[in-house]
Amino acid sequence: MKIGIVVAEFNYDITMLMKEKAISHAKFLGVETEVVMVPGAFETPLAVKKLLKRDDIDGVAVLGAVIKGETDHDELVAGQAARKLMDLAIEYEKPVALGIIGPNATREQATERIEEYARRAVEAAVKMVKRLKEI
């Protein structure tokens with residue numbers, strides 16, 4: 001099994017640790033990975049689509065951190081990204097696991113969730129690949 005891991009570079013201090021945790025957990029599960037970096041959470045769907053088109057990719061885990069600012073921009077970014085990622089999973093019939101922290105997360109909350117979100121996204125992608133094969 002091989003999964004893609006799409007990582008948003010925005011809030012780099014958080015997302016790079018998420019990437020490391022995700023790769024480590026995938027190795028623990030015996031799963032190959034291919035990492036794709038994108039500028040931010042809003043850009044993740046296009047990279048996910050390119051990966052889902054490939055026959056050698058069984059699913060994708062998406063990692064990012066959308067931190068609350070002074071406006072509602074974080075809600076827009078996270079909501080639109082999540083919606084399109086769900087649409088892609090349905091369209092390509094391959095799992096896309098959401099490991100984007102936020103919206104409305106503080107930097108402290110995001111830091112506390114680094115390992116949990118990264119690990120859970122990888123696990124969800126792997127579990128769904130296996131379960132979809134059973135259907």
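Visitor: Let's start with Lys 2: is it buried or exposed in this model?
Guide: In this predicted model, Lys 2 is buried, because its relative accessible area is 18% and the cut-off for buried is under 20%.

Visitor: And which element does Lys 2 sit in?
Guide: Lys 2 belongs to strand β1, which covers residues 2–8.

Visitor: What does the side chain of Lys 2 pair with?
Guide: The side chain of Lys 2 makes a polar contact of 3.4 Å with the side chain of Glu 34.

Visitor: Which other residues does Lys 2 touch, leaving out those up to four places away in sequence?
Guide: Glu 34 is on that list as well, together with Val 31, Glu 32 and Thr 33, and further along the chain Lys 2 also touches Arg 54, Asp 56, Ile 57, Asp 58 and Gly 59.

Visitor: Stepping back, how many helices and strands are there in the protein chain?
Guide: The protein chain has five helices and four strands, and from the N terminus on they follow the order β-α-β-α-β-α-β-α-α. With a radius of gyration of 14 Å, close to the 14 Å that the globule rule gives for 135 residues, the chain is as compact as a globular protein of that length.

Visitor: What does the C-alpha trace span along its principal axes?
Guide: The C-alpha trace of the protein chain spans about 45 × 30 × 25 Å along those axes.

Visitor: What share of the residues is buried?
Guide: Buried residues account for 43% of the 135 residues in the protein chain. As for the surface, the chain exposes about 7500 Å², of which carbon and sulfur atoms supply 52%.

Visitor: How many positive and negative side chains are there?
Guide: The protein chain carries 20 positive and 22 negative side chains, and the centres of these two sets lie 5 Å apart.

Visitor: Of the contacts between residues at least 6 apart in sequence, what percentage joins residues at least 24 apart?
Guide: That figure is 79% for the protein chain. Helix α5, residues 114–134, offers an example in Ala 125, which is in contact with Val 60, Pro 95 and Ala 97 once its neighbours within four places in sequence are left aside.

Visitor: Is Ala 125 buried or exposed?
Guide: Ala 125 counts as buried, because its relative accessibility is 0%. Its C-alpha atom is separated by 9.8 Å from that of Ile 5, although the two residues are 120 residues apart along the chain.

Visitor: What about Ala 118, where is that one?
Guide: Ala 118 lies in helix α5, and at 0% relative accessibility Ala 118 counts as buried. Not counting residues up to four places away in sequence, Ala 118 touches Met 18, Lys 21, Ala 22 and Leu 63; between Ala 118 and Lys 21 the C-alpha to C-alpha distance is 6.1 Å, with 97 residues separating them in sequence.

Visitor: Switching to the backbone, which residues does a cis peptide bond join?
Guide: A cis peptide bond joins Gly 102 and Pro 103, with omega about 5°, and Pro 103 is found in strand β4, residues 96–105. For background, most peptide bonds are trans, and most residues other than glycine have a negative phi.

Visitor: What is the phi of Asn 104, then?
Guide: Asn 104 has a positive phi, near 65°, in a residue other than glycine. Asn 104 is placed in strand β4 and counts as partly exposed, because its relative accessibility is 41%.

Visitor: And where is Asn 11 placed?
Guide: Asn 11 is in the loop between β1 and α1, the helix of residues 12–29. Asn 11 has a positive phi of about 60° although it is not a glycine, and with a relative accessible area of 12% Asn 11 is buried.

Visitor: Last one: where does Lys 49 lie, and which residues does it touch?
Guide: Lys 49 lies in helix α2, residues 44–52, and counts as partly exposed at 29% relative accessibility. Apart from residues up to four places away in sequence, Lys 49 touches Leu 88, Glu 91 and Tyr 92, whereas the C-alpha atoms of Lys 49 and Glu 116, which are 67 residues apart along the chain, are separated by 25 Å.

Conventions: Residues numbered from 1 in each chain as written. Predicted model: local features only at pLDDT ≥ 70, side-chain atom pairs only at ≥ 80, totals over all residues. Heavy atoms only, no water. Helix = DSSP H or I, 4+ residues; strand = E, 2+ residues; numbered from the N terminus. Buried < 20%, exposed > 50% of the residue type's maximum accessible area, 1.4 Å probe, protein only. Polar contact = N/O pair within 3.5 Å; in protein donor to acceptor, adjacent residues only side chain to side chain. Contact = heavy atoms within 4.5 Å. Rg over C-alpha atoms; globule rule 2.2 N^0.38 Å. Areas by Shrake-Rupley, 256 points an atom, 1.4 Å probe, with all protein chains shown as cover. Lys, Arg positive; Asp, Glu negative; His and termini not counted. Charge placed at Lys NZ, Arg CZ, Asp CG, Glu CD.
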